[in-house]
Amino acid sequence: MSKRHHVTTTINGEESDFLCEPRQSLLEVLRDVLKLTGAKEGCNDGNCGACSVLVDGVLVDSCCVLGVEAEGKQIDTIEGMAVNGELHPLQKAFLEETGMQCGICTPGFLMSSKALLEKNPQPDEAEIRHWLAGNLCRCTGYDKIIRAVQRAANEMAGEKV
Amino acid sequence: MHEFDYVVAENLTEATKLLSDHKGSARILAGGTDLLVIMRNGRRQAKLVIDAKKIPELTDLSLNDEGLSIGAAVTCRQIWENTELAGDYPAIIDSASLIGGIQVQGRATIGGNLCNAAPSADAIPTLIAYGAIAHIQNSDGQRQVPVEEICQAPGQTSLSEDEILVKLTIAKPVAHSGAKFLRFIPRNEMDIAVVNVASMVELDSEGKSFLKARIAMGSVAPTPLFVKAAGDSLAGKEVNDESIKAAALIAREAATPITDMRGTIEHRKQLVEVLTVRTLNAAVARAKGEQS
Amino acid sequence: MTTMDKKAEDLRVVGTRPVRPDGADKVTGRARFGDDIHLNNMLHGKMLRSPHAHAVIKSIDTSKAEAMPGVRAVICGKDFPVIEHKMVAQGEAGLADMRDISDNCMAKDKVLYDGHAVAAVAADNPHVAEEAVKLIEVEYELLPPLMNVRASMADDAPQVHEHSFPGAFIAPTEAHIANASRIHMANGDIEKGFAEADHIVEREFNTETYHQGYIESHITTVDWDSNDNLTLWTSTQGQFEIRDNLADVLEIPIGNVKVIPMEVGGAFGGKDRIYLDPVAALLSKKAAQPVKMAMRRDEVIRATGPSPGAHIKVKMGVKADGTIIAADYHLAYEAGAYAGGPIFLGVVSSTSRYNIPNLQVNGFDVIVNKPKTRPYRAPGAPQALFAVEQVIDELASLIDMDPVDFRIKNLTRSGDILLPGFPLAPLDTEALLQSVKAHPHYTAPLEGENRGRGVSYTMWFNLGAITSARLSVNPDGTVHMSSSNPDMSGTRMTLAMQAAEALGIDVAEFSANVPDSDSIGFAMPTVGSRTTYSTGIVVIEAAAEVLAEMSKRAAMIWEVEPDSVSVADGVFSSGDKSITFKELAHRMLDTGGPITVHKTGSPQSFIPAVAAHIVDVEVDVETGKVEILRYTAFQDVGKAVHPDYVEGQIQGSVVQGIGMALNEEYFYDDEGRLKNASLLDYRMPTSLDVPMIEAVILESPNPAHPYGVRGCGEISIIPPASALANAIHDAVGVRMDSMPMSPHKVCAAINNKS
Ligand SMILES: Cc1cc2nc3c(=O)[nH]c(=O)nc-3n(C[C@H](O)[C@H](O)[C@H](O)COP(=O)(O)OP(=O)(O)OC[C@H]3O[C@@H](n4cnc5c(N)ncnc54)[C@H](O)[C@@H]3O)c2cc1C
Ligand code: FES
Ligand code: FES
C-alpha cells in the first residue's frame with residue numbers, strides 16, 4: 001500500500017484530520033473514512049453532481065478531488081447546512097416545494113443551490129438552470145427543484161429586508 | 001484505482017526536477033478533472049502525481065497593456081469570474097464558461113485542457129484563434145510555442161517528460177477585432193463537443209472588410225485543428241455572407257472527422273460549416289462592438 | 001371495502017399537500033441509502049466483467065488475484081450451485097427462468113453481453129479489490145454477437161441459448177423463429193379492413209436501448225453469518241423479490257434470508273432484480289466477513305436491466321370520415337440476453353387506445369447479446385407508441401382532421417372490449433382529450449420559423465397484486481404505518497394520508513416505514529404504478545379493522561353493544577357518549593391490549609389510466625437540434641392523493657420521455673461493446689435541456705379504490721417521444737422513424753427532404 005498521508009483540514013467549520021491514501025478521492029474520504037455519508041456517489045467521474053461540496057467556498061465534485069488535496073482547506077458538506085438543527089431556507093424550500101423524490105441527488109442540489117444563492121441571491125429561472133446543470137436528477141424533471149430554489153431565494157431576500 | 005504517490009510542488013524547479021527524476025511516470029495534477037477520471041478508468045497510469053496548484057507562476061492570472069497571461073493552473077471559474085477579461089477576450093470566457101458544469105469549472109484549468117490534448121477540448125480552438133503562446137518550463141529553462149503546435153495526437157502533447165506548462169499568453173487584441181467560440185453538443189450542458197469552432201477577426205476601422213482572421217476547430221481530427229487557409233481566405237475580403245461562407249467551406253473541407261457515438265461524419269462536416277459561419281458572424285459583431 | 005368509500009368532497013386528508021415524513025432526513029443528508037451502510041470488519045467486493053458480447057469461457061485463473069495482499073475471497077461461476085430451470089413470476093415483466101437469473105448474476109460457461117459478470121473479489125478496500133480483479137485471467141472463445149432483433153431473428157442466425165425455452169415467456173411460439181418467441185393477437189378481418197380503407201399509411205421504425213438512469217447505483221451489503229443466516233442491506237423495489245430470488249439461486253431456505261430495504265435512490269423498474277446480491281453473499285460466506293458490493297456507473301449501464309430496443313412496423317387504414325378501420329402492428333422487442341422482455345405490455349398498450357374493428361398484432365421477444373432487459377417505467381409502451389402515434393398523426397393530416405378530434409372519434413371507452421379480451425374498466429377517456437382541446441396551450445399561437453406543435457395520447461394499465469400493510473396504534477394516539485412496498489418517491493406519505501383519511505385523524509399522527517422482509521407480510525415489488533393504489537386499498541382496509549376494534553373497546557368502556565358505536569372524523573360515539581381516537585388509544589392497554597392490524601390483499605390489476613401531451617418545439621434546421629419551448633402533460637390519476645407528488649411523477653416521467661426521445665441511447669460498436677457507459681455519453685437531460693412541465697391532473701375516479709386512486713407513476717413517460725416527433729414534423733415537415741431523434745438524424749432527415 002502506498003504511503004498514507006496525514007491530512008489536516010476543516011470540515012463544516014471544525015478542524016478535522018484523517019489518514020488517506022493518495023488514490024482516495026475526497027468523496028471516499030468523507031463517506032468511508034469520516035462517515036459523512038451525505039455527499040452521494042452517482043457516477044464517480046464528475047457528471048452527476050451528487051457528490052458536490054465546497055472547497056474553500058468553491059463548488060466542486062468531491063469525486064474529482066483527491067482526499068490529500070484537502071490539506072489546509074475549508075470543506076463544506078451537506079451535514080453542515082442546517083445550523084443547530086435549524087434547516088437552511090433552501091432545505092425548507094426543497095421540503096415544501098417537494099423538490100425531491102428519491103432524494104439521492106438532493107444533497108448535491110442543495111450544495112449547488114446554496115453556492116448559487118451566495119453568488120447571485122436573486123437568480124432567474126435561466127440562471128438557476130444554468131448553475132444546476134452539473135447536477136443530474138432523474139426523478140423530478142427539475143421543475144420543482146427550480147421552484148424550490150426560487151422560493152428560498154425569495155424567502156432569504158425577505159429575511160434580509 | 002492503482003496506487004500512486006502524491007506530492008505538492010512548491011516551485012517550478014522542484015516540479016521539473018520531480019518530472020525528470022521520474023522519467024515519464026509522473027503526472028502534473030492541475031484540476032484533476034481529466035487526470036483523475038482517466039487514471040480511475042485505467043486509461044492513464046502514474047507512479048507520482050505532482051500537484052502544481054501551489055506554484056506561484058501557475059496560479060497567476062494577469063491582464064495588462066501587453067495582453068493576457070493565464071497561469072496553467074488558473075481555473076475556468078477564476079476566468080469567468082474575472083469581469084475585466086470579458087471586454088478584450090470574450091471568447092476565452094465563452095470557452096471557460098461551458099467546460100463541464102459549475103463544479104467542473106471550479107477545478108478545471110485552461111492549462112489542463114490544453115495538456116490533456118483531447119481532440120474535443122473546448123479551450124484549445126479559442127487559444128489558437130487568439131494566437132496564444134504556451135510558455136513551457138524544463139530543467140534548462142523556458143521555451144515558448146504557439147498553442148497550435150502543442151497537440152500531437154489524442155492525449156499526447158509536444159511537451160517532453162520533464163516539461164511543465166507554466167502559462168498561456170495572448171497579445172492584447174488590436175482595435176476592431178473580435179472573437180467567438182461555439183460548440184455543438186446534443187444536450188445544452190455537460191457534453192463533449194460534437195464539433196467546436198473558434199474564430200477571431202480583425203476588421204478595418206469601418207468594419208467593412210476583414211484585415212485578418214484565424215479559425216480553429218475541434219472534434220474533427222485527432223487534434224484540434226488550426227485552419228489557417230480558412231482564416232487567410234478572409235484577409236482583404238469584404239465582410240459579407242459570401243466571404244464568410246467561402247471560409248466556412250474551406251474549414252469544412254479541412255475537417256476529417258469520424259463517425260462515433262457523438263456524431264457522424266456527415267453531421268460533423270455540416271456542423272463545421274454552420275459553426276464557422278456563426279462564429280465568424282458573432283466575431284464580426286463583437287469587433288464592431290455589437291452585443292453577441 | 002365499500003363501507004370505506006368516500007366521495008371526493010368528503011375527503012379531508014387525501015388531496016392535500018403535507019410535507020413528507022422522510023423528507024427532513026433527505027435534505028440533511030441523513031437518509032440512509034444502499035451505500036450508507038458501514039459494518040464492522042466489512043470487505044469490499046468488485047466484479048470482473050466480460051469485455052466480449054458473446055463468448056465461451058474456456059478457463060478462469062484466479063490464482064494471482066488470490067495471492068494479492070488484502071484479498072480475502074475470490075469466486076467465479078463454479079462457486080454457484082447448479083440450479084434447475086424453473087419459471088418464476090417477476091413483477092410486471094411476466095415470467096423468468098431462475099437458471100437465467102442465476103447465470104445473469106454470474107456467467108457459468110458462456111458470456112452473453114459486454115459487461116456480463118464472470119468473477120469477483122472481496123478485499124480489504126475497494127481499490128485493492130479492483131486491482132485484484134485485473135489479475136484474474138480469463139480465456140474466451142469468441143462467438144459472433146447478435147446485436148439487434150433483425151440479426152437475431154434472421155433464418156441463419158446462430159441460436160444463442162442451446163437450452164432455450166421457446167415460448168418461455170409467451171406461449172405458444174412457432175419453433176422456427178430463431179432466438180425469439182411470438183405473441184399474436186387479432187380481431188376482425190384484417191384484409192377486409194384494409195380493403196375498406198380510403199387511406200393506408202405503412203411505416204417502419206427503430207428504437208434504441210435505454211437505461212432507467214437512476215442516480216444511485218446498485219449497492220448491496222451481505223453478512224453471511226456463522227449460523228448460515230444471511231442479512232442483506234440493499235436499495236430495492238422489492239425486499240421479497242430479492243429475498244426469494246437469492247434463496248432460489250443459492251439453494252438455501254427463504255427463512256435464512258433477511259432483506260433490509262434501504263432508501264431507494266431511484267429505480268424506475270430497474271431495481272427489483274438480484275445482480276450483485278448472490279455474488280456478495282458467496283464472497284461473504286467464503287471470507288466469513290460481511291461484504292459490500294457497489295457497481296460503478298459503467299457497470300450499471302453495461303450490466304443491469306435496460307429497456308428494449310425495438311423494430312416496429314405499423315400499417316393503418318382510415319376511412320374518409322375519420323374511422324380507423326384496420327391496423328397491423330409488428331413489434332419485435334429485444335429481450336436482452338435471456339428471454340422475457342416487456343413485449344406483452346407493448347402489445348397491450350399499443351392496441352388499447354383506439355377501437356379498431358380489424359386489428360392484428362404480432363409481437364416478438366427476441367434474444368440479443370445485450371444485457372437482459374428489465375422494466376423501465378411503462379415497460380414496452382414508449383417504443384410502440386413512438387410508432388403508432390406518429391402514424392395516427394399522419395392519418396389525421398391525410399384526412400384533414402384535427403389530430404385530437406381524430407383521436408376522440410376513435411377512442412376506446414369504458415366497457416369496450418380490448419384486444420386481449422378484457423373490458424376497459426371505468427375511465428373517462430374523452431374528458432381527457434377534451435381538456436387538451438380546451439387548454440390554452442392547444443390553441444396558443446406558435447409564431448416563428450421552424451416551430452411546431454405535436455400531441456400524443458396514451459393508455460396504460462396499473463397493477464394491483466399482492467401487498468401487505470400494518471397499522472399499529474400507540475398508547476398516545478399516534479399510529480405506526482408499515483408498508484410492504486419500498487418507497488421510491490413519497491408513498492410512505494401517500495399511504496399514511498390514506499390511513500389518516502380512513503381513521504379520521506391527522507396525518508401528522510403517523511410515522512411510516514418500510515420494514516425488512518422478516519417483519520411484514522409478502523408483497524410484490526413497487527412496480528406498475530401500484531403502491532398508492534394497491535397498498536392504499538390494504539391500508540384502508542386495515543384502518544377499517546382498527547376502527548372496528550376500537551369501537552369494541554369503546555363499547556366495553558361504556559358497557560354498550562359494539563354495534564351501537566359509530567365513528568366519524570376520529571370521534572367514537574354511542575348515544576350521548578363520545579370519545580376521541582386519542583383518548584381511546586390511551587385506554588388501549590387496559591381494554592384488551594395493543595391494537596395492531598396486519599392486512600394483506602391482492603387488489604385488481606389492469607386499472608387503466610390515460611395521458612395526453614402537447615409539446616411545442618423549435619428545430620435548428622442547420623444543426624438538427626430540437627429545443628422544447630413549452631410542454632403540457634394531461635393525466636388522469638383517478639384521485640391525486642398528494643397533488644405535489646402526482647405533478648412530480650408526471651414531470652419526472654415527461655423528462656425521462658424527453659431523454660429517450662432526443663438523446664439517450666446505448667451505442668454499441670460492431671463487436672458488441674458498449675461505447676457510452678458513462679453519464680457523460682449516456683445523455684440524460686440536464687436542467688438546461690427542459691422547460692417547466694405543466695402538469696394538468698384529471699380525476700375520473702377508479703371504482704376499485706375507495707377514494708378513486710388509479711396510480712400515476714409511469715404513463716407520462718410514454719407520450720413524449722411521439723408528441724415530439726409530431727411536433728418536429730409540424731415544424732420542419734420530416735417524419736422521424738428512429739428514436740432517439742438525435743440531432744444528426746434530424747439533420748439528415750431535413751437534408752434528405754430538400
Ligand atoms: C464532468 C466533466 C465535464 C467536462 N466537460 C468538458 C467540456 O465541456 N469541455 C472540455 O473541453 N473538457 C471538459 N472536461 C474535461 C476537463 O474538465 C478539461 O479538459 C479541463 O480543462 C482539464 O483541466 P484540469 O485542470 O482538470 O486538468 P488535469 O486533469 O489536472 O490535467 C489534465 C492533463 O494535463 C496534464 N497537465 C495539467 N496541467 C499541466 C501542466 N501545467 N503542465 C503539464 N501538464 C499538465 C495532466 O498531467 C493531465 O494529463 C470535462 C470533464 C469532466 C469531468
Ligand atoms: S459522483 Fe461526483 S459527480 Fe457524480
Ligand atoms: S430525486 Fe431522485 S434523482 Fe433527484
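## Ligand 1 and its surroundings

Ligand 1 lies between chains A and B in this predicted model. Of the 33 residues around ligand 1, those that come nearest are Ile28(B), Thr33(B), Asp34(B), Thr109(B) and Asp122(B). By class, the shell comprises 16 nonpolar, 10 polar and 7 charged residues.

Several elements of chain B contribute to this shell, with strand E2 (26–29), helix H8 (110–116) and strand E10 (164–171) each supplying at least two residues; the largest share, 4 residues, comes from H8(B).

## Polar contacts and burial

Two of the nearest residues also approach ligand 1 through their side chains. In Thr109(B), a polar side-chain atom lies 2.6 Å from an oxygen atom of the ligand, while an N or O atom in the side chain of Asp122(B) is 2.6 Å from a ligand nitrogen atom. Leu165(B), by contrast, takes part through its backbone, with an N or O atom 2.9 Å from a nitrogen atom of ligand 1. Taken alone, ligand 1 exposes 970 Å², of which the protein buries 96%.

## A four-stranded sheet in chain C

Chain C contains an open sheet of 4 strands in the order E18-E26-E27-E28, with mixed pairing. Its edge strands, each pairing on one side only, are E18 (451–462) and E28 (693–698) of chain C, and neighbouring strands are turned by 20° against each other on average, direction ignored.

Strand E27 (residues 625–636) of chain C pairs with E28(C) in the parallel sense over 6 bridges, and Ala633(C) has Ala695(C) in E28(C) as its bridge partner. Helix H18 (residues 643–662) of chain C packs on the sheet, where it touches E26 (607–620), E27 and E28 of chain C, and the helix direction makes about 125° with that of E28(C).

Technical notes: Residues numbered from 1 in each chain as written. Chains lettered and ligands numbered in written order. Predicted model: local features only at pLDDT ≥ 70, side-chain atom pairs only at ≥ 80, totals over all residues. Heavy atoms only, no water. Near = heavy atom within 4 Å. Polar contact = N/O pair within 3.5 Å; in protein donor to acceptor, adjacent residues only side chain to side chain. Areas by Shrake-Rupley, 256 points an atom, 1.4 Å probe, with all protein chains shown as cover. Nonpolar A, V, L, I, M, F, W, Y, C, P; charged D, E, K, R; others polar. Pairing = 2+ DSSP bridges. Axes fitted to C-alpha atoms, helices over the stretch in contact; angles between N-to-C directions. Contact = heavy atoms within 4.5 Å.
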